[in-house]
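Colleague: Please take me closely through one part of this model, the sheet, and then connect it to whatever else can be described around the chain.

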Amino acid sequence: MLLVVVISAVLVVGCSSKESSGVKKEGSKKEDKEMVIAVNENFISMDPHNTGDTNSNSVQSAMLEGLLGFDADGKITPKLAEAYSVSDNALEYTFKLRKGVKFHDGEQFNAAAVKANFERIMKDDSLRLNSRGFNLITNIQTINDYEIKITLKDPYAGMLTRFVSAKILSPKLLAEGKDKIGKNPVGTGPFKFVEWVQGDHLTVERFDGYWEKADRVKKITYKPVPENGSRVAMLKTGEAQVIYPLPSQNLKELESNDAVKVEKIPSTIARYVSINTMKKPFNDPRVRQALNYAVDKDAFINVVNAGLGLPLDSIIPSKTLYYTKQEEYKQNIEKAKQLLKDAGYKKGFKAEIWGNTNSDTMKGMQFIQQQLKAIGVDLQIKSMEEGTLSDEIFRAQKPEDAKLQMWYVSWSAYPSDTTNATKPLFYGGSFPPDGANTAYYKNDQVDKWIEEVNKTGDTTKLAEIYSNIQSTIYKDAPWIFLGVDEILDGKRANVEGVNITPDGGIDVTNANIK
C-alpha cells in the first residue's frame, strides 16, 4: 500500500511538471514567453555565406552576427568588432574585436574564428559572397587574438557592407562542411538554432550567454505562410505575434483593431519584372521598352500595393546612395504598339512570366498579364514554390539554355550599398548562378563602369559613374520597372523590440512581449 502511494505521488508530480513546461502564451512570465513570426515565403538556406533571399537572411540575423552591423537608418555600426579603420588607399581594413563573446556551442570568438570564416568564403567560388569582395582579399593577418587586418588587391567600394553580410560561424561548425552549415547554423547572436522543419517552421531560442544583455522572449518560431488571409487571421487570433509583410488590402481593417498595431516603413525594395534579354523577342530593346510603356505604374501601386509606394524611376530606389532620377516610362499604349511594330511584332506575341506562390506575387503577375494584353502580348503565368523557383533559375546552366523569359520579383539592398543594388543585377559576370542578373543583361560599357566604380573612393567620381550606369541601363530596359514598396508589418499590441529594416529584413535582437 505504501509503495502504491509513493508511486502515485511520483506520477502526479511528474504529470504536473510536464504540463507546466508547455508553451506559454500572452500573459505568461517574461522568461517563458514565446513568439511566432509569420512570413510570406519559405526559407532557402541557413548558410550566411551563400544566401540570396531576404527571409533566410532575416532568420540568420537572429542567430548570427558580422563584424559590422546596421542601425535603424541603414548606417554601418560596429558589431562583433568594437572599432575599425580603413587605410587611405582603401586596401587595408583593420578590426579590433569584441572580447568575452562566445559561440552557441561554447567556442570562443576571436581573430582565428574570423580568419577561418573569411578564408572559407575566399576559397570557395560557389559561395555568393565570394564574388562580392572576398575574392579580392590577398592577406588576412591576425595581429593578436582580438585584432585582425584584411588586405585587398584592389579597392572595393562596398567592402564595409560585405563585413556586415559575412556572418561569423563557429569554427567547429565550419569543420563539419557545407551541408551541416546550411541546416544547423551556430553563431554568436541573441538566439540559437533549435530546429528547421522545411516548409513548416524554423525555431530559435534565447541564448542566455549573449554578450549584450536584455530582456528577450524565450523562443521565436518563424512560419512561412504564403497565403495573405491566413497570415492576417493568425495575427488577429494571436496565433502569430508578428506578420510580415502585412497585406495592404487589410490595412484599414487592422488599423481599427486595438489588439494590433500596424507599421509603415519606407523601403529600398525595388519591384520589377526581369526580362531575359538573350531570348527572342526580348533581345530587341524596342520590345522591352514597349513592355514598359504598356504598364501603368501608378495603377500597379494602387491595385497591387493599395497605394503604398512610388514608381521605380531608376534602376535603384530613391533611398539608395547615388540615386539619380530618370525619365519615367509613363503608360503610353500607342507608343508601345508602335515600338512593337517597328521591332516586327505588330500582332504581339506569346510569353511566360514566372513567380512564387504567395498571394501578392500572384496579384502582381495577373496585373502585368492584364496590362500587356492591351498591346497584344499573351502572357501565361507560371507560379512555383519559392525553393523550386530558385532552383530552376539559379541552377548551373549556359545563359542561352535558361528557360526563364520573365520573372516577377523584387530586390533589396542596404541604403548605403549601391554596389549590391547594381552589380549582382546588371553586371555581365553576374549571370545565374553567380549573381542575380536574371535579365542576362550584358553591356560592355556598363561592365567597365561597374568595375571602375569599385576601384575609387572619390565620392564625386562615384556619383558621376553611378549616374551614367543608371541612365544607360534604364534606357536599355532589361526590366519592367514597377515600383518601390512602402512596406507594412503587423504586430500584436504587446510586442516590442521587433523592427522591419528598409531592405525588408526582420530584426529581433531585442524581441519581447510586454
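**The four-stranded sheet and beyond**

Modeller: In this predicted model, four strands form an open sheet in the order S4-S5-S7-S6, and their pairing is antiparallel. The edge positions belong to strand S4 (81–86) and strand S6 (137–144); each has a single partner strand, so one side of each is left without a neighbour in the sheet. From one strand to the next, the twist averages 15°.

At the S4 edge, the partner is strand S5 (residues 92–97), joined to S4 by five bridges and running antiparallel to it. One pair can be located by residue: Ala-81 has Leu-97 in S5 as its bridge partner. A helix also belongs in this picture. Helix H3 (residues 111–123) lies across S5, S6 and strand S7 (147–152), and it runs at about 170° to S6.

Next comes the nonpolar interior. The largest nonpolar core has 69 residues, and those that touch the most other members are Leu-291, Ile-368, Leu-372, Met-406 and Tyr-408. Helix H16 gives the largest share of this core, six residues. Another core, of 34 residues, lies apart from it, with Met-35, Leu-64, Phe-191 and Phe-193 among its members.

H16 (459–476) also appears in the surroundings of helix H14. All nine residues of H14 (residues 418–426) are buried, so this helix is largely enclosed by the rest of the structure. The buried set is not restricted to one kind of side chain: Lys-423, Asn-420 and Thr-422 are included, as are Leu-425 and Phe-426. These buried residues pack against three helices and three strands, namely helix H4 (159–165), helix H15 (444–453), H16, strand S12 (260–275), strand S16 (406–412) and strand S17 (479–492).

The loop between H14 and H15 holds two backbone details. Pro-433 is in this loop, and the peptide bond that leads to it from Pro-432 is cis, with omega near 5°. Tyr-440 is found in this loop too. Its phi is positive, about 50°, although Tyr-440 is not a glycine. Tyr-440 has 2% relative accessibility and therefore counts as buried, the limit being under 20%.

Each of these two details has a counterpart elsewhere. A second cis peptide bond joins Tyr-244 and Pro-245, with omega of about -5°. Pro-245 lies in the loop between strand S11 (242–244) and helix H8 (251–255). A positive phi, near 55°, is also found at Ala-306, again a residue other than glycine. Ala-306 sits in the loop between H10 and strand S13 (309–311). With a relative accessible area of 39%, Ala-306 is partly exposed, whereas Tyr-440 is buried.

The helix before that loop, H10 (residues 297–304), takes part in a helix pair. Its axis and that of helix H12 (residues 359–373) come within 10 Å and cross at roughly 145°. The crossing is right-handed. On the H10 side, Ala-299, Phe-300, Val-303 and Val-304 make the contact, and on the H12 side they meet Asp-360, Lys-363, Gly-364 and Phe-367. Sorted by class, the contact has five nonpolar, one polar and two charged residues.

Methods. Residues numbered from 1 in each chain as written. Predicted model: local features only at pLDDT ≥ 70, side-chain atom pairs only at ≥ 80, totals over all residues. Heavy atoms only, no water. Buried < 20%, exposed > 50% of the residue type's maximum accessible area, 1.4 Å probe, protein only. Contact = heavy atoms within 4.5 Å. Core = buried A, V, L, I, M, F, W, Y, C linked by side-chain atoms within 4.5 Å. Axes fitted to C-alpha atoms, helices over the stretch in contact; angles between N-to-C directions. Left-handed = near helix turned anticlockwise from the far one by under 90°. Nonpolar A, V, L, I, M, F, W, Y, C, P; charged D, E, K, R; others polar. Pairing = 2+ DSSP bridges.
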